[in-house]
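User: Hi! Could you walk me through this structure? I'd like to start with how the chains meet.

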Amino acid sequence: MAEVTQLIHEYLRHDKKFPHVLCPGCGHGILLGSLIRSVHALGIPKDDVALVAGIGCSGRVAVYVDFNTVHAVHGRALTVATGIKMAKPDMHVIVVQGDGDALSIGGNHFIHAARRNIGLTVLVLNNFIYGMTGGQCSSATPLGCWSTTTPYGQMEKSFDFVEMTRAAGANFVSRGTVFHVKTLDKLVRQALVHPGFSLVEVLTPCHTQFGRKNKFKSPVDMYQWLKKAAMPLEAYEKLDPDKRAGRIPIGVFVDNHEPALETRYAAMRAKLAKG
Amino acid sequence: MKPDIQIDRFEICLSGLGGQGVITLGKVMGKALALGHGFNVAQTQSYGPEARGGASRTDLVISTRPISYPKTDKIDLLVALSQEACNKYYPLMKPQAVLLVNTTLVKQIPTNQYLGLPFTEMSIDRLGLPQAMNTIVLGAVTFLLPFARRSLIRKSLEESLPAKIVDVNVKALNMGYREASKAFGQPPAIWAAMTVADNGNGDTEKAAPKKPTAKKAPKAP
Amino acid sequence: MSAKRKTAAREIFALGAEAVVEGALLAGCSFYGGYPITPSSEIMEGMAERLPRTEDGVFIQMEDEIASLGACIGASLAGRKVMTATSGPGFSLMQELIGYACMIEAPLVLVNVMRGGPSTGLPTSPAQGDVQQARWGTHGDHSIIVLSATDVQDCLHMTVKAFNFAEKYRTPVILLLDEVTAHTREKITVPLAQDLEILYRLQPSMPPEWYKPFEETVRGVPPMPPLGSGYRFHVTGLTHDDHGYPTQKPDEVVAAISRQFRKIDQFFFDIQITDEFLTGDAEVGVVAYGSVARSAHLAVEQARERGIKAGLIDLKTLFPFPRAAVEGLLRRCRTVIVPEMNMGQISREVKRVNPGTSTVWTINRVDGHIITPKQILESIRKG
């Protein structure tokens, strides 16, 4: 407990902004905790961290934490982060986005940032819904689920963040949940030090906007669903394909070590300087 | 260098088909007149899908005073390398302007008062390189412009081109200059006042016209 | 030879677009994020070639114009002088992030080489249809600096000015060119950086624990350290207090928005640049900008040759609108003519500031061709 208090004092901003805007049962705070523990464990100075966030509940995470924080406009967090990383390649540039921010409005930027393999750590908080704005569907809302803009059920298929990011060419692609905190800590730590574009898709419950409309009685129900549905990738792969329905693999899906964009760029500039 | 004569808005319109190298011609000429000769030059061009295969045009305004309007207002020299360009831009000429046409492609010339050389034919028959046609034109125009010096134009040409095609283009430039001098005798008399004295390097073969003659209409060779 | 050249100003025969590149590099631009679009691509191509050859220059081609401006904003926060260039369709895409840059007070230079519109319009032809969009295009009330350039040498100098204003006032600056200006080649002098006034954004001298990123200051412009320099702070597109934290308190909202206006508008005398030609005794005035100002210049000369007392104000600053200079012309002239390659955009401003002493005529052209001196001269003769 003492350790937690110490981390809170060191990493959260005290001058304003508490209590926070997040609802009871929200998983965003768990990811924020995981991020703080990971940065602390890796010994990265706060000055060296730029945290860029998009719009939505995930975007508000940035204001609470004592890094260099940038709250961008909807969907464009990755573009701003790209500018920061290319201008200051030695900084740890972390991007926190929601599912709507990352792959609905920001889908094009997401694909291209992954393709460029630029050295960003991208944490996508996937709660399957637009939470802050009142529960409208996103490109991650599963088929058949209800939201305020799919009152008769979602007819469109949802994005698979992991497969999309893999296909686009990112170096490191992983998925975790806010229930499996130890795994999440490990994934975030790996993503922070991995060169190139590193994704952690973080499944997180939004009971207020998603759960209540989709037959989850309480936030606890949602955590229990995550607990049951998620399983390690290795075990999932061994599973009979018929039994995979409803199960969600978590772990590291892609672990490549191609040079990041900023590394290639630095090499080109050095070569030009030699003449 | 500072020019030793005064020019107030001498306007050239180079026109032809997309692919004939009209814009490159304008660029090389503009650079030579601006940096080599020291004139103020504004070179503009019409871009566009129509520039590929269709009409292509670049304008040069040359002046010893600052240039206001960068496009041609009243053309002093129209170079028309295709029939379409000739038809389109002929009406924009000053009453006393000079028309230089590519007689290979311009079959119906809208006036009897013109200068002509078969540029396309010359490039194919004598150089075996139709792409060098624009450089032959550059040579001819260098002869016609009393304020242009062949050595400076050649220098600009050499600087603008990749090394392996410099020789053939210098050959084309000289051919254009020589043929123009053979066909036209001397630069148009109306421009005599703009003639520069020979700088002693032997790079200016043009002699100022002895007497201001009425504008002549040489036959196409 | 090369060492010698560095010690003196150079003469080059260059496109307006290339002059923008020279100006940007002289001003210290070290980051370009862009997306190619006719007729602005020559600027991007120039930066692609030059920036990687500088000590810390970064060039990146983004996936669209939204991303281009996003990357520029990120790099600006990281302390770089940044630029992007685009044309109509791309400019429309950038509007959202222009507002963001205004709100977080990120210095940047955005060059818009105007082409015919609306929509895809006339990609290779000149127009001036984005003037009011440059002023009002992004949503929400804001102040912004919009500049223009007349000829190729001007492209270089106004680009340097644009960077200086961006840095001095912590604001996006929009440089509006048109296709004719960007695609005209002329002989220009590239001066040495040491012979130019080059400005940099104010840096905090106070210790980090005292620093508030959006605090009121003498000039209304707060100091701006680069990210990662020890001054950790928050920036957001939400309306924020002087710490940068979101706020909805009316007094804090009013303070923030009014300071953003004031920091630019109160220095109008520094920002408004005009070039006057024979306006002293003019009876017929012309107000023009961009390449059309060159047509107007020749038309005024031709009118004077005919004994008509004509004069020209060439607007290098479009916004904040150079009211004092134009008002002076309106008071002196019986007729003021505003030729523009649009259906009438700056003429709205001229009419707005007209004290009633002059008749304002417009000449409008939207067919993809520059307004000719002849058109303007005809109008002057009737005026």
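User: Which residue of strand 9 of chain C is the bridge partner of B:Gln43?

Analyst: That's C:Arg185, which sits in strand 9 of chain C. Keep in mind that this is a predicted model.

User: Good to know. In what sense do strand 2 of chain B and strand 9 of chain C pair, parallel or antiparallel?

Analyst: Antiparallel, over two bridges. Strand 2 of chain B covers residues 40–46.

User: And how many residues does each chain bring to that contact?

Analyst: Chain C gives 18 residues and chain B gives 18 residues. On the chain C side, strand 1 (10–15), strand 9 (185–190) and helix 11 (291–305) each supply at least two residues. Helix 11 of chain C has the largest share there, with six residues.

User: What classes of residue make up the side of chain C that touches chain B?

Analyst: An even split: six nonpolar, six polar and six charged residues.

User: Now chain A, please. Which chains have the most contacts between them?

Analyst: Chains A and C, out of the two pairs of chains that touch. Chain A and chain B have no contact, and their closest C-alpha atoms lie 20 Å apart.

User: While we're on chain A, where is A:Pro24?

Analyst: You'll find A:Pro24 in the loop between helix 1 (2–11) and helix 2 (28–42) of chain A. Its C-alpha atom is separated by 19 Å from that of A:Leu12, and the two residues are 12 residues apart along the chain.

User: Is A:Pro24 buried or exposed, and why?

Analyst: Exposed, because A:Pro24 has 8 other C-beta atoms within 10 Å, and a residue counts as exposed at 12 or fewer.

User: Back to chain C. What domains is chain C divided into?

Analyst: Domain 1 spans 2–195 and domain 2 spans 276–382. The centres of these two domains of chain C, taken over C-alpha atoms, are separated by 26 Å.

User: How many residues of each domain are in contact?

Analyst: In chain C, 23 residues of domain 1 are in contact with 19 residues of domain 2. Elements giving two or more residues to the domain 1 side include strand 6 (122–126), helix 6 (131–136) and strand 7 (145–148) of chain C. The largest share of that side, four residues, comes from strand 7 of chain C.

User: And what classes are found on that domain 1 side?

Analyst: The side of domain 1 of chain C that touches domain 2 has 12 nonpolar, eight polar and three charged residues.

Note on methods:
Residues numbered from 1 in each chain as written. Chains lettered and ligands numbered in written order. Predicted model: local features only at pLDDT ≥ 70, side-chain atom pairs only at ≥ 80, totals over all residues. Contact = placed C-beta atoms within 7 Å. Nonpolar A, V, L, I, M, F, W, Y, C, P; charged D, E, K, R; others polar. Pairing = 2+ DSSP bridges. Domains from an automatic or database assignment. Buried ≥ 20, exposed ≤ 12 C-beta atoms within 10 Å, placed from the backbone.
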